[in-house]
Amino acid sequence: METTFNLLKTFTEAPGPVGREHTIREIVAEHWTPLVDEIHTDALGSLIALRHGSGPPPRPSLMAAAHIDEIGLIVTGIENNFLRVQPLGGMDRRILLGLEVTVHGQRPLPGIIGSRPPHVLSAAERRKVAAWDEVFVDTGLAADELTALVTVGDSITVDRELVALKNGLAAGKALDNRASVLAVTLALDILRSRNHTWDFYAVATAQEEVGVKGAITSAYSLAPHIAIALDVTFGKQHDDDGAGTFDLGQGPTIAMGPNFHPQVVERLIAAANAEEIPYQPEPVAGGSGTDAWGIQVAREGIPTGLIEIPLRYMHQPVETASLRDIERAGRLLAGFVTRLEADFRPHWEDEL
Amino acid sequence: MNDVRHDPLITTLQTLADLTGVSGDETKVRRAIKPLVENHVDTLRVDALGNLITYKRGTAENPLRVLVTAHMDEVGFMVTGHTGEGGLRVAAVGSIPERLLPGTHVWVGQEPLAGVIGLQAIHRLHGESFPQAAPIEDLVVDIGAKNKEEAQEAAPLGTVITFATRCREMGAVLTGKAFDDRAGCAILVALLQGERLPCDLYGVFTVQEEVGLRGARVAAYAVEPDVGFVLEGTLVDDLPKHEKDVSPTTELGKGPAITVMDRSYITPPRLLSHVLKTAAVESIPCQLKQPGISGTEAGGIHPARGGVPAITIAVPCRYIHSPRAVLHPNDLANTLRLVRASIARLTPETLAFT
């Protein structure tokens, strides 16, 4: 395998706006195909790959879900030489001015989000966060050419190179959630040399950022016996009080709360301990806001767990994570899978 | 558009725009310019402030002394402190609106080291509205340092920081950082590389424009010119707006922008009409910049010694003082043509008040 940084670079720099995930999906499929027995794309655009387990059929199955879509912008109009836009998913408008983007028109077009020069603005205007009707994308093309190449409804993604910071941190765009897609990829690679009795479905889910749509539909299709979602969580940064955030470089989190089956949580912790992987317990009081929330209530209900990678500056083009945490999340997932006995099923103590 | 990969003017701009040269720390830019011009000028030296002063002898008998300046420095940041968690506190060098900073990648120091500026995740603001951008005092540059000591070692107090932006093509235009004023620097390099002119040409690559026209002021004193030309990258304000009748200041692709008056000086009428007439005679497109906005080095040159007639000719740039500006390559080429022709056609009579 390539280095974790290079893989993360490939995965994060590729575009995959919500509902138009084809480019990143093809890249992930290329990496997964040599590691799995079957692979296909479902009706919503989720990529579903299967590694057969070694147990006797019919085998139970584990589903690991990590979303491949990313937030972006959508073209809502063309005005003079500029594009009007609205958010696609939870785009943060505090970071828009001056941002480099790719407009997915007839062909990919480089663009930047324009800003008025400070020389003509009042002191108050210079501090104002731009409202959506003041946000315009400049492609350097004149109106006639722009109209020929771009239509209302085209999607726009952030164009940002992944960079290495000190202490094994990496910063860029779409680490939410390509960091987890990479962790699943690393788990698939590990599983080539380790026995697992259960079938293992790796799913790169589509449309998480608009309501975990790909997770809901793929969990229905696969009807797994256990599902583990992988996502990012809030990393500790300079401007928070520490509550509800997790240190970078101290391992992935294992989530606990109503969204998660206690025996799945227990086994994730046991796998982390057995593999000597540091982890951080993450209490989630209600909805986790991740694929796990949708998967848990698929069909008659699915025992679900969640592994999260601490990430600073979520939904900003400077999302920052620890490469080691990504690797550990992959090892934790693999360690969890290999420890599933053929006859294990999560159950409640008082279950009849 | 020309094939930009083979246009030396654009190649020079790309080389210079990608360098870090925040006001007061222009060494890297100066070192890149020197080899481009040294075989084309008669003398060159670096003065006490860091200006690169070049001299190219004229062909006329009693040549006029013509000063042409372009500033090497760019707006950026400086490290002013270190947080306990290893973040860098910064101050702006020159005018950069705070609302442009969140979400940017930056280059810290001259190595450079990668850094990012991020905010509290929007999810954690719980519906809080944010009409105002965070003040720069509340931001940190994150280089991934673990603690204060590591941050201090990697980026000591005073380290300069620029936006991590590489110059590239985009549609029919070029985008990059520091076009204000590496665009002017690229044009001055080309002017010096060209044929000798009748006048004595003093091409000065100046420092510290963005913090108060400091380099141009001392260069004008030292050179003691008969006339000064200032090459700039100036603003275009052409995004659609709510307000009606707001001037775009200048327009992209409409040729060099000539200053009649800005906050720092007024162009003498004879010099202004000389340049406009030159543009007409040579069929070079040009435009007048909306008066009264921003300041340029002409403001530092015109009061030098007993006074110097001066004029600013600029390449229109969208989004100057932001992480990524935009210019049209034709404007770059036409600015070079106009300044060269205007200097070639100068006579003592052009400059005299009647």
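Q: How many Å separate the centres of domain 1 of chain B and domain 2 of chain B, taken over C-alpha atoms?
A: Happy to start there, keeping in mind that this is a predicted model. The domain assignment of chain B gives domain 1 as 4–74 + 177–351 and domain 2 as 76–163. Taken over C-alpha atoms, the centres of these two domains of chain B are separated by 32 Å.

Q: Which class, nonpolar, polar or charged, has five residues on the side of domain 1 of chain B that touches domain 2 of chain B?
A: In this contact, 12 residues of domain 1 of chain B meet 13 residues of domain 2 of chain B. On the domain 1 side, three residues are nonpolar and four are polar. The class with five residues is charged.

Q: What are the bounds of domain 2 in the domain assignment of chain A, and how far apart do the C-alpha centres of domain 1 and domain 2 of chain A lie?
A: Let's take the bounds before the distance. Domain 1 of chain A is made of 4–70 + 173–338, while domain 2 of chain A runs over 72–158. The C-alpha centres of the two domains of chain A lie apart by 32 Å.

Q: How many nonpolar residues does the side of domain 1 of chain A that touches domain 2 of chain A have?
A: The contact joins 11 residues of domain 1 of chain A to 13 residues of domain 2 of chain A. By class, the domain 1 side has two polar and four charged residues, and its nonpolar residues number five.

Q: Which helix gives the largest share of the largest nonpolar core?
A: This core has 144 residues, and A64(A), A183(A), L230(A) and L333(A) touch the most other members. Not counting residues up to four places away in sequence, A183(A) touches A66(A), L230(A), I309(A), I326(A), A329(A), G330(A) and L333(A). The largest share of the core is 10 residues, and they come from residues 175–191 of chain A, helix α5.

Q: Which element gives the most residues to the side of chain A that touches chain B?
A: The contact between the chains takes 52 residues from chain A and 53 residues from chain B. On the chain A side, the elements that give two or more residues are β7 (108–113), α3 (123–127), β8 (136–138), β10 (163–164) and β11 (169–172). With four residues, the element that gives the most is β7(A).

Q: How many residues of the side of chain A that touches chain B are nonpolar?
A: It helps to go through the classes in turn. Charged residues number 13 and polar residues 15 on this side of chain A. The nonpolar residues number 24.

Q: Why are the buried residues of α2(B) on the same side, and which exposed residues does the face turned away carry?
A: The buried residues of helix α2 (residues 27–37) of chain B are V29(B), I33(B) and V37(B). They cover an arc of only 50 degrees around the axis, so they fall on the same side of α2(B). These buried residues pack against α1 (8–17), β1 (43–46), β2 (52–56), α4 (179–193) and β11 (200–206) of chain B. The face turned away from the buried side carries the exposed residues R31(B) and P35(B).

Q: What is the radius of gyration of chain A?
A: Chain A has nine helices and 17 strands, and its C-alpha trace spans about 70 × 45 × 40 Å along its principal axes. Of its 352 residues, 57% count as buried. The globule rule gives 20 Å for 352 residues, and chain A comes close to this, so it is as compact as a globular protein of that length, with a radius of gyration of 21 Å.

Terms used:
Residues numbered from 1 in each chain as written. Chains lettered and ligands numbered in written order. Predicted model: local features only at pLDDT ≥ 70, side-chain atom pairs only at ≥ 80, totals over all residues. Domains from an automatic or database assignment. Contact = placed C-beta atoms within 7 Å. Nonpolar A, V, L, I, M, F, W, Y, C, P; charged D, E, K, R; others polar. Core = buried A, V, L, I, M, F, W, Y, C linked by C-beta atoms within 7 Å. Buried ≥ 20, exposed ≤ 12 C-beta atoms within 10 Å, placed from the backbone. Arc of directions from axis to C-beta. Rg over C-alpha atoms; globule rule 2.2 N^0.38 Å.
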